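Colleague: I have a chain open in the viewer and would like to learn how to read its features one by one. Could you walk me through it?

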Amino acid sequence: MAHRHGIAVFRAAAALSATALIAGCAGPQADDPGAPLEPGASDIEILGTSGSLAVVQDLEVLSDGSVWVFNSVEPYFIGFGPDGESLGAHGRAGGGPEEFPMPSAFLTGGWEGEAWVFDLRRHAMIRVSRPDAEWAEIPLRSESLPPGSIRGGMNLVSAAVRTARLGGEIIVPRARPPGEGGMLGLRLSLLGADLVAVDPEAAGTRTLVTLGEVLDDPSGDFVPSDGGFPQWYRLWAPCGENVVRVYDRVRHQLRGFDRSGSEVNAIDLPPVPFTEVTPRQFAGAVFELRQAELTGDVRGRLGEADRQRVLNQMAQGVSGSPRELATYLPHYVDFRCSEDGTMWLHPFDPDAGGLNGGPRWLRISPNGVPREVRLPDRFDALRFSDSRIWGVYRDELDVPSVASIPLRAG
């Protein structure tokens, strides 16, 4: 469908660019620092699209202004130049010498000015922003970081793994080996996760932060409920060159740690984004977990009729008050930072279905001042700079394009 409607996409892009130009000529408007920022569709600037784009898993903006996209299907990697020109599309699934058995996420912040992807099966970082150059790989295998030890902890039904550059090191999440089987063992391994720093030059690793020691166990907040699926996300990101921040659910803070692992000032957050969910909202949030159990495969999908039937059965079987059910769900589903240290938290949306967020984000300045940002419909944010939000915009025909929204100074 994306190929058939390519002309429509470029017409929409031209219309959006023209509207944004006219709006920009109208002059600055008075800004109420306490009011939400609400960029509109006219603020979206389309960079480019491709008939190969499906679901964009991740996106990386390089220092030269080029953008590389991590696609959900082959070709996995699609590049756009600063002016929207195509930089190529490549990346095949498989276990061959130059294939990707399980690409999981971009290396946030890049390496040597290039875009790199972490492949879970290869247990390595692989350069993807120079498709015509010789294959380049940073192996992560070591005695303290064996294959299979790097896990995201972001979502129990997703293989996505957050990795990031911090100065001259690469930070990866290492799960502790499960002490017991089943869900309890998985819960304990995620709670005991470490953030590990890898030095590619010296081929050494060190523990940056042991999350199990610095973060309290959030399961103390969970109220037993029939049909409940306790969920907690490991939300972390580098904020500038010297600090990693992690969301602490129990303290409701963004905790900070420098490169030595020493704690720096914590950022207090506004009240949690929701305190109650209905049985139907709860069932919709954890439906993918139940679907994976029924199909035997995380990627398996039920038909719409079966989906509604299972969803209704789940909602009818959920017990507990709205406040109790809310304790099982994550407060936030994504956390990013820009290079200047501005923090971006994406609240969980009980009405979005799945463990997803809606159009609302929370922008927090480096000194801890929060402000709500409501993004336009059909725009999914994936990267933040000090002057721009980068992501994917889907038009009325559901055709995706790489796009951005400029941020007003200050």
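**Reading the features**

Modeller: Gladly. C239 and C337 form a disulfide, with their sulfur atoms 1.9 Å apart. Keep in mind that this is a predicted model.

Colleague: What is the general idea behind a disulfide, before we look at where this one sits?

Modeller: A disulfide is a covalent bond between the sulfur atoms of two cysteines. Here the pair links distant parts of the chain, 98 residues apart: C239 is in the loop between β14 (236-238) and β15 (243-248), and C337 is in strand β18 (residues 332-337). The structure has a count of 1 disulfide.

Colleague: Is C239 buried or exposed? And what about C337?

Modeller: The cut-off for buried is under 20% relative accessible area. C239 has 9%, so C239 is buried. C337 comes to 15% and therefore counts as buried.

Colleague: Let's turn to salt bridges. How many does the structure hold?

Modeller: Side chains of opposite charge can pair when their charged atoms come close. This structure holds 21 salt bridges. One of them joins the side chains of D334 and R162, at 2.9 Å from N to O. D334 lies in strand β18 and R162 in the loop between β9 (137-139) and β10 (163-166), so this pair ties together parts that are 172 residues apart in sequence. Both D334 and R162 are buried.

Colleague: Which salt bridge does E396 form?

Modeller: The side chain of E396 meets that of R378 in a salt bridge, 3.5 Å from N to O. This pair also links distant parts of the chain, 18 residues apart: E396 is in the loop between β23 (388-394) and β24 (400-406), while R378 is in the loop between β21 (370-374) and β22 (379-384). E396 counts as exposed at 64% relative accessibility, and R378 is partly exposed at 39%.

Colleague: Which residues are joined into one network by salt bridges that share partners?

Modeller: They are D58, E60, R162, D334, R336 and R383. Two of these names you have just met, in the D334 and R162 salt bridge.

Colleague: How would I read the surroundings of a single residue, say T108?

Modeller: Start with its place: T108 lies in strand β6 (residues 103-108). Its relative accessible area is 17%, so T108 is buried. Then list the contacts, leaving aside neighbours within four places in sequence: T108 is in contact with E60, R162, T163, A164, R165, R336 and R383.

Colleague: And a helix? Why does the span of α5 agree with what it should be?

Modeller: Count the residues and compare the ends. Helix α5 (residues 304-317) has 14 residues, which at 1.5 Å a residue should span 20 Å, and its end C-alpha atoms are 20 Å apart. Next, look at burial: V310, L311, M314 and A315 are buried in α5. Seen down the axis of α5, the buried residues fall within an arc of 135 degrees, so they line one face of the helix. A305 and Q316, on the other side of α5, are exposed.

Colleague: One last case: where is I44 found?

Modeller: I44 is in the loop between α1 (6-24) and β1 (45-48). At 0% relative accessibility, I44 counts as buried. Compare sequence and space here: I44 and Y393 are 349 residues apart along the chain, and their C-alpha atoms are separated by 8.2 Å.

Methods. Residues numbered from 1 in each chain as written. Predicted model: local features only at pLDDT ≥ 70, side-chain atom pairs only at ≥ 80, totals over all residues. Heavy atoms only, no water. Helix = DSSP H or I, 4+ residues; strand = E, 2+ residues; numbered from the N terminus. Expected span 1.5 Å × (residues − 1). Buried < 20%, exposed > 50% of the residue type's maximum accessible area, 1.4 Å probe, protein only. Arc of directions from axis to C-beta. Disulfide = S-S within 2.5 Å. Contact = heavy atoms within 4.5 Å. Salt bridge = Lys/Arg side-chain N within 4 Å of Asp/Glu carboxyl O.
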